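Biologist: I should like to go through this model and ask, for each label, what justifies it. Please set each value against its definition.

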Amino acid sequence: MHQIWIVDFGSQYTQLITRKTRELGFRSEILTVDEASDRLKKDDWPSALVLSGGPQSVFEDNTDFSLFFKRPELPILGICYGMQIMAHVLGGQVARGHLGEYGNARVTFEKDQVLNGFPSSFSVWMSHFDHVTGLPSNFEVVLKSDNGLLAMMRDKKLPRVGLQFHPEVEHTQHGKDLLRFFYHEIAHLREDWSPKAMLFEGIQLITQAKATNVLCAFSGGVDSLVAATLAHRVLGERLYCFFVDHGLLRPQDYAHIEILQKHTSLSIEIIDAKTIFAERTRGLADPEDKRKAIGKTFIEVFETQVHHFEKTHDIHFTHLLQGTLYPDVIESTGPHQKGGKSAVIKSHHNVGGLPERMKLKLLEPLRFLFKDEVRALGLELGLKPQWVYRHPFPGPGIGIRVLGELNDKAIQKVQQSDQILFEELQNFHLYQAIWQAFTVLLPIRTVGVKGDARAYEEVIAVRLVNSSDGMTAHWSDVPRNFLETVSSRITNEVLGITRVVYDITSKPPGTIEWE
Ligand code: XMP
């Protein structure tokens, strides 16, 4: 397997470089500058190195990066700040920009430099202030921008290329082709990353853990389902999935778990904890109070039930299987720090803290994968597309979709309206085109007319968003007749609702959930 290191100098696009590289079929991982330097010092060299962009300037940062260029034969691609480092270390010149270039720019190949399959000029995404003004010796100019600035340079002999613009963003035409050019023509690497390779690595990881009996807090969501199905390939009956029913679920969740119980070989134990969750949450109105109560109760119920299971079945669990993904693991040096903004805004409910408390080792077979890759792996494992493309659903469930005080009637209103929304998304073939869809019960009443009488009843908000990772999102522009159908069905079929509103807020400034 190749080792392509994407060295993160703090660019907001570092994850994107890695994703694009993997989409092209090359295994790649993100390293901080310190991690990469430490490994190089230990004589651990990758097959190719990509130096990301970053907010710094070679005029401010005195760090010596010459170690990265110690081996002439190591293929290196420098992007934006990465190209400036390349020029600076190798004896070229970098100038402080007065103007900088931000946004779209046009770049044109120098005579005799047009790369195979590329047009002579195309549009790219620039975001820089400093720029390279003098080439290191043995380098040549490949592309220039319309402002006359150097946009791409390459060493005439060694496998070193610099790009002033960002090939990883969608706004750059032929961006992926340029990355492919680097990996194929400069680094001479061949594709080695595919769902089969992910499956192979995942199985290896689980095998190496030498786990005896493994426990999984199973939600039925994409991550836990793929992690469990993968683990099951190695562990078979030694994998035990426990699904906690906290009563804050939608009809589709119950149906889904039943289907998984019937149609997969996973052993899924349902823990009916509706009563205790109701006791702990009814009457709570503050979002953080609800999240904390639900999270705490979840851990308590899970621990008690698992201990009981261990006793009655005379087994002992050694590991906890979790569907942690790569974006949660990467130690980012960029502005989008680990955990992201939303982690501070909302204390997301999860089973964090469980492994230490129950003295279990963690098994995280998806910790190297992005969400799209998890989905591809799920398909490779033979899971049905409708399971693998399920929308995300938050741990506290409907608890955070009843705004204000939680009570049984309010929960039912969300369950019924959500079911209508779900059915209509299927009828209109919109489900897969949307990243997440749900209904929210608002804590207000408005006047309406039902039959011939005045009604003074509650409001349901419908929220549909498109996103790639939940960190940012855009409200979905769906057909008007879909919205009309959903609105009319909810007001007709859900008792106590006279009004339906559609949320047209993106994230930021809104968040996806209302609480
Ligand atoms: P927000 O509302 O923060 O949501 O924009 C981003 C994504 O996270 C989900 N979410 C949660 N997931 N526990 C979870 O497990 C939570 O407390 C929680 N709050 C939000 C949300 O559904 C969206 O997918």
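Biologist: Why is no bond assigned between the sulfur of Cys216 and the closest cysteine sulfur?

Modeller: The closest cysteine sulfur to that of Cys216 belongs to Cys241, at 4.4 Å. A disulfide is a pair of cysteine sulfur atoms within 2.5 Å, so the two sulfurs are too far apart for a bond. By this rule the count is zero disulfides. The model is predicted: local features need pLDDT of at least 70, side-chain atom pairs count only at pLDDT 80 or more, and totals for chains, interfaces and linings use all residues. Residues are numbered from 1 along each chain as its sequence is written, and side-chain values use heavy atoms, with hydrogens and water left out.

Biologist: What makes Cys216 buried or exposed?

Modeller: Buried means under 20% relative accessible area, exposed over 50%, and partly exposed in between (1.4 Å probe, protein chains only). Cys216 has a relative accessible area of 2%, so it is buried. Cys241, at 1% relative accessibility, therefore also counts as buried.

Biologist: Why is helix H1 described as largely enclosed by the rest of the structure?

Modeller: Helices (H or I, at least four residues) and strands (E, at least two) are DSSP runs, numbered from the N terminus. Seven of the ten residues of H1 (residues 14-23) are buried, which is why the helix is called largely enclosed. Among the buried residues are Ile17, Arg19 and Lys20. Just after H1, Gly25 takes a positive phi of about 100 degrees.

Biologist: What makes H5 roughly perpendicular to H13?

Modeller: Axes are lines fitted to C-alpha atoms, for helices over the stretch in contact, and angles run from 0 to 180 degrees between N-to-C directions. The axes of H5 (residues 195-208) and H13 (residues 371-380) cross at roughly 85 degrees and come within 9 Å. Angles under 35 degrees count as roughly parallel, over 145 as roughly antiparallel, 65 to 115 as roughly perpendicular and the rest as oblique; H5 is therefore roughly perpendicular to H13. Contact means heavy atoms within 4.5 Å, and the residues that meet include Met198 and Leu199 in H5 and Ala376 and Leu377 in H13.

Biologist: Which strands are the edge strands of the nine-stranded open sheet?

Modeller: Two strands pair if DSSP finds at least two bridges between them. Strand S2 (28-32) and strand S7 (121-128) each pair on one side only, and these are the edge strands. The order is S2-S1-S3-S4-S11-S10-S9-S6-S7, with mixed pairing. Within this order, S4 (residues 76-79) and S11 (residues 160-163) pair in the parallel sense over four bridges, with Leu77 opposite Val161 in S11.
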